[in-house]
Amino acid sequence: MQSPETSRRSFLKTSLALTGTFPLVAGLAYAESKSSDKPLMAYVGTFSSPLQDVLDTQVDLPPGNGRGIHLFQIDRETGAMTPVGIQRMGTSPSCLAVNAEGTRLYSTNETDRVGKEKHGSVSAFKINREDGSLTQLNKVNSGGDGPTYVSVHPSGRYLLIANYFGGSISVLPILKDGSLGEATDVKNDAGKIGPTTATNAPEGSFAFSGHDHTHAHMIQADPSGRFVFHVDLGLDKIYIWKFDEKTGKLSPNDQPAISLPPGDGPRHFHFHPNGRWFYSIQEEGSTLVLFDFDSKAGTLTARQTISTLPEGFKGSNFCSEILVSEDGKYVYAGNRLHDSIGIFSVGANGELTWVADEWTRGNYPRSFSFDPTGEFLYCCNQRADSVAVFKVDKATGKLHFTDHYAAVGNPSHIVFLDLAKQA
């Protein structure tokens with residue numbers, strides 16, 4: 001297997017092979033850029049090996065068509081993606097996070113098997129600020145099986161990890177050089193598993209993926225960093241933790257958890273920019289739930305539930321991603337099987353109204369992200385082996401396909417870094 005560390009020379013050699021252009025493609029690709037001579041980078045995490053040793057009920061096993069972390073330069077005018085390298089990894093780096101300074105990238109390695117427990121792992125990379133290439137710093141135990149989500153704590157001193165198959169969460173310290181230390185805390189979810197039929201499932205739905213075991217699916221701190229939230233899909237709960245920044249330890253909040261309707265399966269969530277509204281998407285119930293967030297007490301209060309699907313839809317659907325636009329005017333919800341992104345306007349009190357949906361131009365949209373300007377949305381179509389690029393109409397919230405695709409095997413997650421901005 002090729003070493004995960006990629007030198008500048010080998011990175012540029014890979015860029016030549018992938019693009020068919022003269023070396024120093026990074027400089028040439030943006031020679032005419034009005035914004036900067038340095039590129040806007042995108043990093044795409046993939047499933048790069050088949051999932052094994054997992055529960056029979058896992059419905060979205062990928063064949064492992066990815067090659068690791070795929071690197072692209074983004075055309076600032078059109079949103080088009082040009083491949084410039086691959087950080088080859090056979091461990092399915094399915095979720096990525098970049099630190100605030102834009103100098104380090106972290107990946108959860110979902111199909112890695114570390115130690116007797118066969119845990120997953122998390123990798124740390126140094127980002128070359130000239131061309132965006134990656135050099136691996138180290139790799140550590142994720143604290144559970146199948147790590148599926150990573151986020152950087154607002155302090156910049158810790159990573160927060162959700163281990164899907166292990167039903168656990170962990171806290172990893174970020175050392176001075178950006179590498180990772182051993183976990184400062186690991187919490188294992190426990191409780192009664194929800195039913196196999198979601199309370200709010202569409203008529204005729206057979207959507208069932210996570211109600212067989214505990215499944216921690218996402219973890220992230222609130223904007224202040226005082227509280228950490230994580231969802232467990234199998235338990236139908238959102239957990240709330242107090243976070244001690246000095247020790248990297250978690251302790252239950254006074255409101256330790258909030259329950260979603262049985263079987264609905266909370267998957268991801270996103271804070272509104274005002275910090276007062278918290279939106280959760282349910283994988284098997286195909287719903288969005290609006291919560292009021294009390295930033296002092298760290299508590300959530302549910303206020304609205306709305307379907308992610310157009311009126312009249314019947315059959316099975318698995319929800320995936322949820323994003324709030326940077327201006328706070330719209331919420332976007334991913335639908336797998338329906339293969340759409342639902343678009344919702346945000347009212348004066350935070351409540352959502354369905355606006356439209358947009359076909360993802362590929363099946364099984366696992367996640368999507370905005371570029372740093374919010375002008376484009378990039379959708380990772382897991383089973384279609386492609387990333388589709390959409391122009392965002394900021395006045396209406398609607399999405400318009402740009403006719404740009406990027407070929408990526410089993411894409412899972414995409415993050416961006418503008419190298420023109422100071423580190």
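**Talking through a predicted model**

Biologist: How many disulfides does a search of the whole structure find?

Modeller: The search of this predicted model comes back with 0 disulfides. Take Cys-319, which is in no disulfide: the nearest cysteine sulfur belongs to Cys-379 and is 13 Å away. A disulfide needs two cysteine sulfur atoms within 2.5 Å.

Biologist: And what makes Cys-380 fail the test for a bond?

Modeller: The closest cysteine sulfur to that of Cys-380 is in Cys-379, at 6.8 Å, and that is too far for a bond. The cut-off is 2.5 Å, so the pair of Cys-380 and Cys-379 does not count as a disulfide.

Biologist: Why is Cys-319 called buried or exposed?

Modeller: Buried means under 20% relative accessible area. Cys-319 has 0%, so Cys-319 is buried. Cys-380 also has a relative accessible area of 0% and is therefore buried.

Biologist: Let's stay with Cys-319. Which side chain has a polar atom 3.0 Å from the backbone oxygen of Cys-319?

Modeller: That side chain belongs to Arg-336. You will find Arg-336 in strand β21, which covers residues 330-336.

Biologist: How do you know whether Arg-336 is buried or exposed?

Modeller: Its relative accessible area is 1%. The limit for buried is under 20%, so Arg-336 is buried. Leaving out residues up to four places away in sequence, Arg-336 touches several others, including Asp-60, Glu-283, Cys-319 and Tyr-364.

Biologist: What about Ser-94: why is Ser-94 counted as buried or exposed?

Modeller: Ser-94 has 2% relative accessibility, so Ser-94 counts as buried. Ser-94 sits in strand β4, residues 93-98. Among the residues Ser-94 touches, not counting those up to four places away in sequence, are Thr-46, Glu-110, Pro-147 and His-413.

Biologist: Now Thr-57. What makes Thr-57 partly exposed?

Modeller: Partly exposed lies between the 20% and 50% limits. Thr-57 has a relative accessible area of 26%, so the label is partly exposed. Look for Thr-57 in the loop between β1 (40-46) and β2 (68-74).

Biologist: Which residues does Thr-57 contact beyond four places in sequence?

Modeller: Those contacts are Phe-208, Ser-209 and Asp-212. You can also compare C-alpha atoms: those of Thr-57 and His-211 are separated by 8.9 Å, though the two residues are 154 residues apart along the chain.

Biologist: Let's step back to the whole protein. How do you know that the radius of gyration agrees with a compact globule?

Modeller: For 423 residues, a compact globule would have a radius of gyration near 22 Å; the protein has 20 Å, so the two agree. Along the principal axes, the C-alpha atoms fill a box of roughly 55 × 45 × 40 Å. Of the 423 residues, 59% are buried.

Biologist: What is the secondary structure made of?

Modeller: There are 2 helices and 28 strands. Among contacts with a separation of 6 or more, 54% join residues 24 or more positions apart.

Biologist: What does the outside look like in numbers?

Modeller: About 16,600 Å² is exposed, and carbon and sulfur atoms supply 51% of that area.

Biologist: Where does pLDDT stay under 50?

Modeller: That happens over residues 1-35, for which the model has 57 contacts beyond four places in sequence. For the protein, the mean pLDDT is 91, and 91% of residues reach 70 or more.

Note on methods
Residues are numbered from 1 along each chain as its sequence is written. This is a predicted model: local features need pLDDT of at least 70, side-chain atom pairs count only at pLDDT 80 or more; totals for chains, interfaces and linings use all residues. Side-chain values use heavy atoms; hydrogens and water are left out. Buried means under 20% relative accessible area, exposed over 50%, partly exposed in between (1.4 Å probe, protein chains only). pLDDT is the predictor's confidence in each residue, from 0 to 100. Contact means heavy atoms within 4.5 Å. Helices (H or I, at least four residues) and strands (E, at least two) are DSSP runs, numbered from the N terminus. A polar contact is a pair of N or O atoms within 3.5 Å; within protein, one must be able to donate a hydrogen and the other to accept it, and residues adjacent in sequence count only if both atoms are side-chain atoms. The radius of gyration is taken over C-alpha atoms; the globule rule is 2.2 Å times the number of residues to the power 0.38. Accessible areas come from the Shrake-Rupley method with a 1.4 Å probe; for residues, only the protein chains shown count as cover.
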